[in-house]
Amino acid sequence: MRIDRLLVTGAAGMLGGVLRRHFQGRFPHLRLSDVAPLGAAAAGEELLPCDLGDAAAVDRLFDGVDACVHLGGHSVEGDWPTVINANILGVINVWEAARKAGTKRILFASSNHAIGFHPRSRRIDHTAPARPDTRYGLSKAFGEDVAMYYANKHGISALCMRIGSARAEPEDERQLATWQSLPDFCRMVEAGLAADYVYEIVYGVSANQRSWWDNANAARLGYHPQDDAEAWADRLTGKTSASALDETYQGGPYCSPDFSGDPKKIV
Ligand SMILES: NC(=O)c1ccc[n+]([C@@H]2O[C@H](COP(=O)([O-])OP(=O)(O)OC[C@H]3O[C@@H](n4cnc5c(N)ncnc54)[C@H](O)[C@@H]3O)[C@@H](O)[C@H]2O)c1
């Protein structure tokens with residue numbers, strides 16, 4: 001697919017920053033958006049601040065956009081008003097704007113918390129149904145369905161990336177299974193922009209020996225991760241939650257009825 005203008009939402013965020021650096025100079029126009037400050041524009045960058053809950057602003061954001069990597073949104077558990085604005089209205093506004101603008105493809109940052117209530121004892125693949133563990137996870141499951149609806153009905157191809165724990169290094173035993181290195185995250189996005197598909201689900205995870213996810217569908221689409229969290233196993237084995245429930249399900253602490261959105265980020 002020829003991409004003259006790529007839009008990255010959530011561009012002021014952690015993964016948005018990674019992609020902003022990765023894509024520097026790659027496309028004739030790299031449009032970056034966030035509700036948070038984006039700094040100064042480099043050559044080829046277009047900065048368009050916008051709240052994803054504002055439909056008219058999101059319509060303007062998609063003007064002339066060929067493809068979008070949709071990372072913007074509330075990225076941890078939150079209260080309903082926050083989740084509804086950023087992640088429910090946000091995805092509706094994004095896909096509706098894409099339809100009006102003729103955008104051909106959206107890569108959607110879904111989450112392992114859309115499938116958080118699958119037990120760790122069961123290896124699942126891209127066909128696993130949603131089992132959300134939080135309001136946040138529910139919003140990601142909703143986003144996956146919005147993506148499917150617009151793919152089937154309006155031909156906007158969509159890759160739903162059920163990201164595990166994307167960060168520089170894994171931080172606890174759970175992340176020995178769920179970690180995705182930042183270079184592997186970029187490899188997944190590259191594959192998602194290049195491959196031929198209508199609607200697909202992949203797991204955003206490195207080639208971890210302990211992964212709970214069969215990611216053959218991602219490999220089929222050209223994602224070949226190079227990193228493995230096992231390199232941190234000596235340091236992180238035994239760094240677990242005190243709660244047996246947290247250690248039973250793939251979503252970890254997000255599965256607890258008491259988990260209300262700790263400000264400490266556990267994704
Ligand atoms: N990092 C991970 O391990 C991980 C795991 C699973 C899913 N994800 C998803 O990937 C995406 C990026 O994650 P991240 O770790 O970079 O998170 P992040 O919080 O650093 O970035 C999200 C960005 O979205 C922006 N945002 C929030 N509400 C908004 C709104 N109403 N309008 C416009 N922008 C808004 C924030 O300002 C922020 O810059 C998120 O959608 C997140 O849910 C990330």
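This is a short talk on the salt bridges in the structure above.

Okay, so before anything else: this is a predicted model, so please keep that in mind as we go round. The salt-bridge count comes to 16, and I'll walk you through a few of them.

Let's start with R31 and E46. Their side chains meet in a salt bridge, N to O at 2.8 Å. R31 sits in strand β2, residues 29-33, while E46 belongs to strand β3, residues 45-47, so this pair ties together parts 15 residues apart in sequence. And are these two buried or exposed? Both R31 and E46 are buried. There's a third partner to mention here: R5 joins R31 and E46 in a network of salt bridges.

Next up, R135 and E77. Here the N to O distance is 3.4 Å, again between side chains. This one links distant parts of the chain, with the two positions 58 residues apart in sequence. R135 is in helix α4, residues 135-154, and E77 is in the loop between β4 (67-70) and α3 (80-101). What about burial? R135 has a relative accessible area of 26%, so we call it partly exposed. E77 has a relative accessibility of 5%, so that one counts as buried.

Last pair for today: E171 and R167. Their side chains form a salt bridge at 3.1 Å, N to O. Which of these counts as buried? That's R167, at 10% relative accessibility. E171 comes out at 38%, so it counts as partly exposed.

That's my tour, happy to pull any of these up on the screen.

Key:
Residues are numbered from 1 along each chain as its sequence is written. This is a predicted model: local features need pLDDT of at least 70, side-chain atom pairs count only at pLDDT 80 or more; totals for chains, interfaces and linings use all residues. Side-chain values use heavy atoms; hydrogens and water are left out. A salt bridge is a side-chain nitrogen of Lys or Arg within 4 Å of a carboxyl oxygen of Asp or Glu. Helices (H or I, at least four residues) and strands (E, at least two) are DSSP runs, numbered from the N terminus. Buried means under 20% relative accessible area, exposed over 50%, partly exposed in between (1.4 Å probe, protein chains only).
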